[in-house]
Amino acid sequence: MAGIFDFVPAIVLLPFVSFLVALAVGNRLPKGGAFAGIVATAGSFLLSVATFFTVSGGQTYNQTIYTWANGLDGAVTLTFGLLIDPLSAMMLVIVTLIATLVHVFSLGYMNDEGETGLPRYYAGLGLFTASMLGFVVADNLLMAFMFFELVGLCSYLLIGFWFREPGPPSAAKKAFLVTRFGDYFFLVGVVAVFATFGTAAFAGSESFPHLAEQALHGEHSVNTFGFEPRTWFTIVGLLVLGGVVGKSAQFPLHTWLPDAMEGPTPVSALIHAATMVAAGVYLVARMYGFYALSPTSLSIIALIGGFTALFAATMGVVKREIKQVLAYSTISQYGYMMLGLGGGGYIAATFHLMTHAFFKALLFLGAGSVIIAMHHNENMWEMGGLKDKMPVTYYTFLSGSLALAGIVPFAGFWSKDEVLYETLVHGLGGSPILLVAYAMGLLAVFFTGFYTFRMVLLTFHGEPRSQTARDPHGVHWNVKGPLVVLGILAATAGLVNMTPVAELTGLEIEFLHQWLGHGIEGLTSHHYVELLESQAGYHAAEIGPIVPGLVSLALALAGAGLAYFLYNDAEPTEHTDKLGGAKTVLYNNYYQDEYQVWLANSLVQPFSRGADKFDQGVVDGVVNGVSSVSLLSGNRVRRIQSGVVSNYAVLLTLGLTALILGFGLLGGWF
Amino acid sequence: MVPPQYYLLLSAAVFCIGLFGILTRRNALLFLMSVELMLNAANINLVAFSYVWGNVTGQTFGLFTMAIAAAEVAVGLGIILVLYRDFGDVDVTKVTTMRW
């Protein structure tokens with residue numbers, strides 16, 4: 001029977017077809033191939049929604065589609081397959097929805113602004129979406145890795161879209177290289193998973209999280225290379241985490257993300273909300289059954305996440321460009337997701353992934369709208385007063401900002417609050433290290449509220465501070481439409497999982513808990529909770545979600561209020577100047593770039609020089625030596641070919657004599 | 001019956017004469033003759049052992065050798081004719097164009 005699951009490959013293939021169409025005949029299509037992309041992503045979206053409803057009916061799908069390397073005699077078999085469970089079904093809907101809206105928005109941002117090279121742009125968007133969707137439905141780690149890399153490639157192509165200017169190509173290279181650095185560890189991790197378990201499947205009784213669990217119970221033996229099983233699983237988990245840290249822009253590999261703002265704004269929306277950056281967090285959620293076995297990995301994830309959330313939020317406070325503020329807010333929000341995952345809040349992190357996808361896409365598209373209006377000037381100090389000129393953008397942007405700052409009842413409040421709550425209860429329940437991460441996350445709430453409203457107030461309130469702000473460029477339906485859709489979602493998406501309200505009223509309204517609680521055995525949130533308790537020693541302390549929720553709300557309001565107090569003037573002054581030296585440090589991103597460049601110049605470069613010398617001198621030397629020896633000896637030996645037949649006869653005779661003598665001596669004739 | 005040692009001595013002597021000819025002569029025709037001597041030395045051996053063991057296989061091979069020798073002479077004489085035509089001489093030490 002042809003069920004909806006038979007059409008799941010089409011979700012991935014449709015954007016890929018739009019990539020091919022835009023690449024091949026995009027020049028001859030109206031709007032440079034935009035319609036092909038819109039039709040394809042909208043089709044994917046509809047199929048994803050249908051899949052979503054089928055999954056909500058209790059069906060799941062885990063099927064190998066294509067075996068591309070058949071392992072003989074116990075060797076590993078490499079396959080492509082589909083895994084559709086509640087998590088991936090939800091992610092499919094998010095990715096396809098955002099991709100569709102980004103395509104529509106691009107009509108306003110790219111086509112109407114008269115950009116050239118549009119087929120290349122739409123081809124890139126199509127491939128980007130297809131890669132991310134392939135990553136989402138991947139049923140094994142190797143397939144996930146391959147699509148992970150494709151996502152990285154597409155980000156390179158799109159960030160460097162305006163390749164004739166100096167900035168974008170350099171930012172694209174940086175994004176590619178920094179994420180690549182993390183992916184090295186990921187690749188080693190994939191190989192380690194194969195070497196340990198002989199499989200990289202995510203789900204089923206022969207999947208690696210399940211085998212790892214059995215190995216810890218002593219029911220199944222795996223090759224752990226001489227380590228304790230738990231130690232080894234921690235090592236493997238941390239190797240894979242390398243890729244996650246790179247892609248999800250966590251400290252210390254976050255430096256590529258702010259530079260990636262050089263790309264077109266719709267691309268930034270796609271990268272930050274739905275595709276590339278989300279891939280890292282999604283991967284941890286996908287193989288959460290494996291991470292849940294190792295309390296060490298979980299603590300490291302939580303600490304990285306908490307630290308990144310705070311660290312990035314402080315940098316967002318002083319930036320002048322609207323997209324820079326958003327970039328640091330993205331890093332910070334992904335830090336929250338990592339904090340949630342490490343803190344034992346699988347559902348909370350997934351929830352935040354979802355709400356963040358909506359409100360961050362909204363904010364980027366809103367920023368894109370402002371940038372159109374401002375004739376591509378991104379400096380917030382030259383904006384101001386745009387509230388009355390572009391009300392649709394203002395109110396949707398405000399909705400996204402309230403969600404980002406975590407003000408009740410917008411989406412971000414519910415999810416961020418749940419992340420913090422889960423971390424807190426597990427921290428109090430016997431994992432004190434989580435409390436450190438929690439404290440950093442909580443502090444970051446204040447900074448988030450501050451920088452968000454600083455951005456809103458500087459951009460939209462006060463008096464216009466430049467000629468372009470007094471007379472902004474208008475935007476069309478293709479910009480406003482996506483903004484309105486996302487604005488509504490940013491306001492309401494949080495309502496699907498209102499844990500504090502459920503606690504207060506006793507209603508069964510935690511829909512996301514129910515949603516992620518069913519599905520494939522071993523991939524449900526119930527199973528993860530069991531694992532966290534039995535394996536990682538995570539126990540939930542008995543505190544209600546109300547008080548921690550009020551604390552974080554109060555902090556967010558305090559941050560927002562401080563911003564309102566400081567910047568709600570007609571002519572706001574740059575109050576961050578009062579920070580003095582601290583501002584310089586923050587404005588220069590804690591000199592992270594300088595320090596990484598220093599590392600590259602003074603450590604990696606000499607090492608590479610040494611390796612180059614070794615390669616040129618020793619390796620090539622041996623090879624060249626062998627060849628020159630044979631060249632020289634050939635040069636000498638060929639002289640015996642004198643052309644005189646008598647000499648040959650002499651050599652023949654001498655050779656025969658020597659042969660007979662040799663035989664005679666060895667054979668014992670004499 | 002003549003003991004086989006005599007045949008072997010005769011064969012060795014003929015072979016050595018042929019070898020000597022190849023190592024010392026410069027005339028291509030003499031080369032060819034020397035090669036023939038060496039072949040016939042081998043033939044003597046074949047026939048002698050055939051005679052000793054009372055088995056005709058050796059003699060059969062002797063006939064084969066003669067046929068091959070005849071063919072070889074035909075080819076060899078052809079080469080010598082070409083040599084003479086191209087170089088005006090049959091001195092093997094002067095024809096040294098096929099070398100490194």
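Student: Which residues of helix α7 of chain A are buried?

Tutor: This is a predicted model, and α7 of chain A spans residues 208-217. Buried here means under 20% relative accessible area. The cover over these residues includes α5, α6, α8, α12 and α24 of chain A. The buried residues are F208(A), P209(A), L211(A), A212(A), E213(A) and A215(A).

Student: What phi does G218(A) take?

Tutor: G218(A) comes just after α7(A). Most residues other than glycine have a negative phi. The phi of G218(A) is positive, at about 75°.

Student: Which residue has a positive phi although it is not a glycine, and is it buried or exposed?

Tutor: The residue lies in the loop between α8 and α9 of chain A, and its phi is about 55°. Its relative accessibility is 0%, and the cut-off for buried is under 20%. The residue is A249(A), and A249(A) is therefore buried.

Student: Where is P252(A) found, and what is the peptide bond from F251(A) to P252(A), cis or trans?

Tutor: P252(A) is found in the loop between α8 and α9 of chain A. Most peptide bonds are trans. The bond from F251(A) to P252(A) has omega near 0°. That bond is cis.

Student: How do the axes of α3(A) and α10(A) run, roughly parallel or roughly antiparallel?

Tutor: Helix α3 covers residues 86-111 and helix α10 covers residues 265-274, both in chain A. Their axes come within 9 Å and cross at roughly 170°. Angles over 145 degrees count as roughly antiparallel, so α3(A) is roughly antiparallel to α10(A).

Student: How many charged residues are in the contact of α3(A) with α10(A)?

Tutor: On the α3(A) side, the residues include M91(A), V95(A) and F105(A). On the α10(A) side, they include P266(A), L270(A) and A273(A). By class, the contact has 12 nonpolar and two polar residues, and the number of charged residues is zero: there are no charged residues.

Student: How many disulfides are there over all chains?

Tutor: A disulfide is a covalent bond between the sulfur atoms of two cysteines. C154(A) is buried, at 1% relative accessible area, and C16(B) is partly exposed, at 47%. A pair counts if its sulfur atoms are within 2.5 Å. By this rule the count is zero.

Student: What percentage of the residues in chain A is buried?

Tutor: Chain A has 670 residues, and its secondary structure comes to 28 helices and two strands. Its accessible surface is about 26100 Å². The buried share of the residues is 58%.

Definitions and conventions:
Residues are numbered from 1 along each chain as its sequence is written. Chains are lettered from A and ligands numbered from 1 in the order in which they are written. This is a predicted model: local features need pLDDT of at least 70, side-chain atom pairs count only at pLDDT 80 or more; totals for chains, interfaces and linings use all residues. Side-chain values use heavy atoms; hydrogens and water are left out. Axes are lines fitted to C-alpha atoms, for helices over the stretch in contact, and angles run from 0 to 180 degrees between N-to-C directions. Helices (H or I, at least four residues) and strands (E, at least two) are DSSP runs, numbered from the N terminus. Angles under 35 degrees count as roughly parallel, over 145 as roughly antiparallel, 65 to 115 as roughly perpendicular and the rest as oblique. Contact means heavy atoms within 4.5 Å. Ala, Val, Leu, Ile, Met, Phe, Trp, Tyr, Cys and Pro count as nonpolar, Asp, Glu, Lys and Arg as charged, and the others, Gly among them, as polar. Buried means under 20% relative accessible area, exposed over 50%, partly exposed in between (1.4 Å probe, protein chains only). Accessible areas come from the Shrake-Rupley method with a 1.4 Å probe; for residues, only the protein chains shown count as cover.
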